[in-house]
Each structure stands twice: as structure tokens, then as C-alpha cells.
Protein chains: 2
Amino acid sequence: METMRWLEEGLLELLDQTGLPGTVNYLKCGDYREVATAIKNLSVRGAPAIGVAAAYGLALAAGNIEAESRDAYIDRVREAAVELAATRPTAVNLCWAVERVMRRLISTQSDDPGVLRHAVLDEAHAIRREDESGNRRMGEFGRELIPQGARILTHCNAGALATAGYGTALGVIRAARAEGKDISVFAGETRPLLQGARLTAWEMYQEGIPVTVITDNMAGYLMAKGMVDLVLVGADRITSSGDVANKIGTYSLAVLAKEHNIPFYVAAPVSTVDLSLTSGSEIQIEERDMAEVTHLAGQQIVPTGVQVWNPAFDVTPARLVAAIITERGIVRPPYPQNLKKNILTSQSEEAD
Amino acid sequence: METMRWLEEGLLELLDQTGLPGTVNYLKCGDYREVATAIKNLSVRGAPAIGVAAAYGLALAAGNIEAESRDAYIDRVREAAVELAATRPTAVNLCWAVERVMRRLISTQSDDPGVLRHAVLDEAHAIRREDESGNRRMGEFGRELIPQGARILTHCNAGALATAGYGTALGVIRAARAEGKDISVFAGETRPLLQGARLTAWEMYQEGIPVTVITDNMAGYLMAKGMVDLVLVGADRITSSGDVANKIGTYSLAVLAKEHNIPFYVAAPVSTVDLSLTSGSEIQIEERDMAEVTHLAGQQIVPTGVQVWNPAFDVTPARLVAAIITERGIVRPPYPQNLKKNILTSQSEEAD
């Protein structure tokens, strides 16, 4: 099942993940604002996927603009870029993708709107292609960390649905399985929006990879019973020091993994690394609507009047992270040196 | 709101907690088997409350029996006792209450069924009264552990609803509040059945104690942000070594509390202490129906075919427990010595 599809007539179809697994429905977006709304509503979610969706959002914007000059055209696309980049604050891939498309547009030396449009769309296609191929390389690198017979605990959904395809953390699991390893997965359900129960369980079940859903508060007991060999999650933003912002609950898992001497791994593309930040405390953590916690499936589960806290992410300090798997290889501590080395490698290769 | 009411005509009314806070409904039980079902279904839940309910269940059984001899009468009550004690395996208060009622019955030197019935009911009333008064004493002892301004994280519901009244962990919070301390509570929602969101939030809100609900996976991040001063929970069974079985997720909180140098306290009556067990690994952990995890409010949240694990409790080792608050005082490590001392004190006082 594809996370998104670009139709030749200039439409973006986004799989509405809020209805999964019960309802499979593609949202047809003809305007970038519809993409912005879909990102805000989590119809499309997962750091890499929202980056790709935003890039296509710019392609929609670029296709709809009538402007009297190249500068005016670029300004109008930039307005859409600012709006798309502001939809969610924590995942850096979103800004990264939007900025990359804008750089391509600005560097396209033409006054012809058709040429400019084509450049924007071409860059969105490239980001999408590279995301999926990057995930496959991530899988090839990361699978060496997965022992035969490993029982892997993951959180939220860092799968095909969170990316252009294949997945980051789940991509590593797919790659380990593809080379014949007899592995199994525990999926933390991931309250409040249950991406683990709804999406990760669904992806794994469809691939025939044994998967067991637990409520998030069972993770410690699961580890204490010796039922987990490693923890593997995705990321929304990684600082130059190796601090990792990811779905709320990730930090608790990292602490629990340390207590039980279980390695805690992160799989994410280099576009997730934000070298401008040195500490996780600098990462803006999105707080979302209380209704995500107070209501479930339309039913109220918290009494009226009671306060709720709803941070969508947390930060896991680098000291708890055994390795970060990117499409350029496996990065081990010390992260301040090794992450930069990993990313610079990637930039020079991209420049080839 | 009362957890249960004994009506003079020989009926037990049990507040059906599965519908709270939306629906307030009392189940009328005229037969002990209805009480057994209510315990299994969690209509009545919380270790002390199910002990009291089972005692009243025996009173119902005792009231309905026609037997030709004292021995036959006691045998028939014992059948009900065995059935009630088997409804849930983890909370020891259940067996404790049932055994206490049976001891009273057996020690009642009469052949008159009316006298025997009265003894059973009288013992049930006594267990109920002592539970509530014990909770108030627990509150008086425990409140000294609650600093002015404390922000307290609790889990599940160890409140009035989990007991005959006042509560264990929430009783300590009530007592601290009653002496004018300006405290606030974070209630972990407690998946799968949301006793924290539904019951603890409701109890605290009704008392005007500031309460904020979080999903269970937010606890680590909450602590990392310095927003928690202490963790305070109830217990379903405590071994002689101080290992604590309590609602699933408690162990994760204890590990997280240790990581953040936050004290982790347990409040429970001495009837929760099982001196016959020396290690938490000997405690039978109830595993409940998968549907509790796969469905919420009638809606399916885990894809069909996916496995689920649903342990209802976990075990927190004594080394993570800063103190255990009972109705006899505050017990500190080393627990093997100090718990026994605390309980023996209680037994000799009861013998007075």
C-alpha cells in the first residue's frame, strides 16, 4: 500500500492514515493547503513521509501559480513553503524537504513557469525516490544489528507508512527478515493515536512477520521477563550530539532498555539530523489537542473538566542510544564526531 | 460515592465501575455468584475493594443456604469461599478476606443457622469498616512523605473506588490535602482499562485536587522535565521481601523514578502483604482477555489476526521502593525485617 501517489494530471493522493487499518481511503489533494491540512491532521505522518508530502505540496503550489515574473513566481511558491514548513514543528525532515525544493527552484535559471514547475515537481520526485532507496540502504546496514531470532520492541510506526516506502526502523526489520532471520516484533500501541497498534501491527502482519501488540505501560515488564532483545525506533529530529526526538514514549523505552541492558537503536535518514542543534533541549516539542487524549473513537474517556497534557514527542539523550542507523551506515558514539562524519559523507556523495 | 452498599434485606449493591465516569449504576447482587462475576468483570476492582466485596459475597451465600447440620452449612459456605477466592489470582486481599470470614464462621460455636449467618455478615461489615478506617490511618502516616507543593504521579486507581472508602494511595493524597498542602496529581491513564483516566481523575476532580491525565508513555518525559516530585501507587500483593505486584505499568514507573531520583512509594493495607512469598517472581500474574487491548469503547484498534499480550499486573522489586505505607506506619528498607515487624504489630493489636 502506497503512502502517497502523484497523478500525472497534477494531483497528489495521500493515504488517510487516521482511518487505518479499518478504512483505506486516499485523499485527493489539488491544492497545497489540502496537503498542509493533511499533515496537521496526521492523515500523513512520520517524519520522512511528511517531508515528501510537503515537497509534493510545493509541486501543487507551483502548478497553480500564475505570476507576472520569475521573482513573483518564486515568492508565491515561497509563501506555500513557509506555510507547509509550519504545519508541524518537531520533525526536521519537513523543513529539510521544503528547503531543498526551494533551493532547486531558485537555482533553476529560467523565466518560463513551465520549466520552474517542472523543476519543483522533479525535486519532489527525487526526494521521494531517494527516501525509499535510502530506507533500503538503511535496512542493509541496519540488519547486521539484528541477531538471528531477535525479539524486537518498536514504538509508533517507523514503517512504509511513515516514509515514501519500506520504512526506517521497520525497513531494518524487513531487511533482516528478507535475509532469512527468524525475528519477531513487539509493537507498543503508542497512545494517544495508536500508530503502533493500528499501523505497525498492520504492516508487520501483512508481511508475515510475527507481531504482538502491547500497551505502552507493559514495556518494562516485558523487558524484565527477558522477552526483548533490542529496541528499534525511528526519529523525528536528531541533534548533532545524538539526542533523538521521537514519538512520546520513546524516552521511557530508552531508560527501560538501559535498566535491562538491552540495546536501544534509532533508524533515520540523514535528513533527520539537525546539525544546527547541539542539545535535545533545543528541539521544539509539539503539544497537540487535548481531545487526542480525552476521546477515543468518539468516546470520552477522561471526565469533563480534567486537565490533560499531550506532548507528541519526547527527547532521548544520546547516552541512551547504542547506535543510529542511517542510509550511510551505522553511527556509534561519540555522536558529536561520528554523526557529522556520516552526514558529510552523504553530502559529498549527493554532490557527485 | 460508595463503592458498595449492604442493604438490610440482604442485598449487596456494587457500583459498576466499568461504566464510570459516564454512567453511575449499582448492580444489585442477591447471590454470591453475581459478586464473583462482578469481580471477574472488574465491575468492582482494586485489591481492598474486591476483598470486601468477596466478604459480602460470603454473607450472601450464608444467607441463602439451607443445610441440615452445622458441618453441612459450613461446607456450603466454603464452596462459595473457594469460588470467590478464585475469581482473580493476583490480589491477595481477596483470599485474605475470604479466609478471615471463614475463620470467624468456623470459630462461631453454634448450630443455629441464624447465628452463623450473623457471624459471617458481621465479619464482612468489620472488614469493610476496618478497611476504611485503616485507609484513614494510612493517610495520616503517609502524608508526612508528601511535601508542601508536591506534584504526585499515580497510576491506576488506588482511591475510594478501589477500597471500602477513602483509598490507599489516593487516601494519602487526600490526607495531605486535608492538612492544607497545596499538592497536585498526575494520573497515568492506565491502559488497557483506563482506571487512571476514568476513576482517579474523577475522584481527584470531585475533591478539587488539581489533576492532569497523561498517557502512560508520557511518564518518563514528565519526569525528565522535572514535573514530578514523587510517585505514589497502591498494591495488589506485597511479598515478605517488599516486592510489589500492582497494575501493569507500575514497574516501568518505578524504573523511571529511579532514573530521575524521584522517590517511589507504595500505600497498601497489611492485608496486601503475603508473608508466605519471599520473591515477587512467585506472584501469579493474571493475564486477561485480549479484547481489553484490541478493542476500546466497542471499536477495534488492533488489526484482526494480530497477537496481543495482556498481563494485568507487574512486579516492582523492593530495591525500587523507597517506602511502603500501611495503616500501621511507614515501612522502610530493609523490608524483610521491617515489613514483618509492621505486620506483627498489627496482628498483636488486632488480638487486643
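Okay, let's start right at the seam between the chains: strands S6(A) and S14(B) pair in the parallel sense over two bridges. Strands here are DSSP runs of E with at least two residues, helices are H or I runs of at least four, and both are numbered from the N terminus. For two strands to count as paired, DSSP has to find at least two bridges between them.

Quick housekeeping before I go on. This is a predicted model, so local features need pLDDT of at least 70 and side-chain atom pairs count only at pLDDT 80 or more, while totals for chains, interfaces and linings use all residues. Residues are numbered from 1 along each chain as its sequence is written, chains are lettered from A and ligands numbered from 1 in the order in which they are written, and side-chain values use heavy atoms, with hydrogens and water left out.

Back to that seam. Which residue in S14(B) is the bridge partner of A:Val213? That's B:Val308. Now look at the other pairing, where S14(A) is joined to strand S6 of chain B, residues 211-214, by two bridges, again running parallel. There, A:Gln307 sits opposite B:Thr212 in S6(B).

Zoom out and you get an open sheet of eight strands with mixed pairing, ordered S17(A)-S16(A)-S10(A)-S7(A)-S4(A)-S5(A)-S6(A)-S14(B). The edges are S17 of chain A (329-331) and S14 of chain B (307-308); each has a single partner strand, so one side of each is left without a neighbour in the sheet.

So much for the sheet; on to the whole chain-chain interface. 56 residues from chain A and 56 residues from chain B take part in the contact, contact meaning heavy atoms within 4.5 Å. About 4,300 Å² is buried between chain A and chain B, with 69% of it on carbon and sulfur atoms. Buried area, by the way, is the accessible area, with a 1.4 Å probe, that two parts lose on being put together, summed over both. Which three residues supply more than any others of the area chain A buries against chain B? A:Asn217, A:Tyr221 and A:Trp309, with 19% of it.

On the polar side, the rule finds six salt bridges across the interface of chain A and chain B. The rule is a side-chain nitrogen of Lys or Arg within 4 Å of a carboxyl oxygen of Asp or Glu. A:Glu259 makes a salt bridge with B:Arg319, and their closest N and O atoms are 3.2 Å apart. Between the chains there are also 22 residue pairs in polar contact, both at pLDDT 80 or more. Polar contact means a pair of N or O atoms within 3.5 Å; within protein, one must be able to donate a hydrogen and the other to accept it, and residues adjacent in sequence count only if both atoms are side-chain atoms. Among the elements that each supply at least two residues to chain A's side are helix H7 (195-206) and helix H8 (219-224), but the largest share, six residues, comes from H9(A).

Next, inside chain A. The chain is divided into domain 1 (4-136) and domain 2 (138-351), with bounds from an automatic or database domain assignment. Their centres, taken over C-alpha atoms, are 25 Å apart. 27 residues of domain 1 of chain A touch 36 residues of domain 2 of chain A, and the two domains bury about 2,700 Å² between them, 52% of it on carbon and sulfur atoms. A:Thr90, A:Asn135 and A:Arg136 supply 25% of the area that domain 1 buries there, more than any other three residues.

How many salt bridges does the rule find across that domain interface? One. A:Glu286 forms a salt bridge with A:Arg88, closest N and O atoms 2.9 Å apart. Over all chains, the whole structure has 46 salt bridges.

Last, some backbone oddities. Most residues other than glycine have a negative phi, and most peptide bonds are trans. A:Leu20 and A:Pro21 are joined by a cis peptide bond, omega about 0°, and A:Pro21 lies in the loop between strands S2 (11-15) and S3 (26-29) of chain A. In chain B, the peptide bond from B:Leu20 to B:Pro21 is cis too, with omega near 0°. And A:Leu194, not a glycine, has a positive phi of about 65°; look for A:Leu194 in the loop between strand S5 (184-188) and H7 of chain A.
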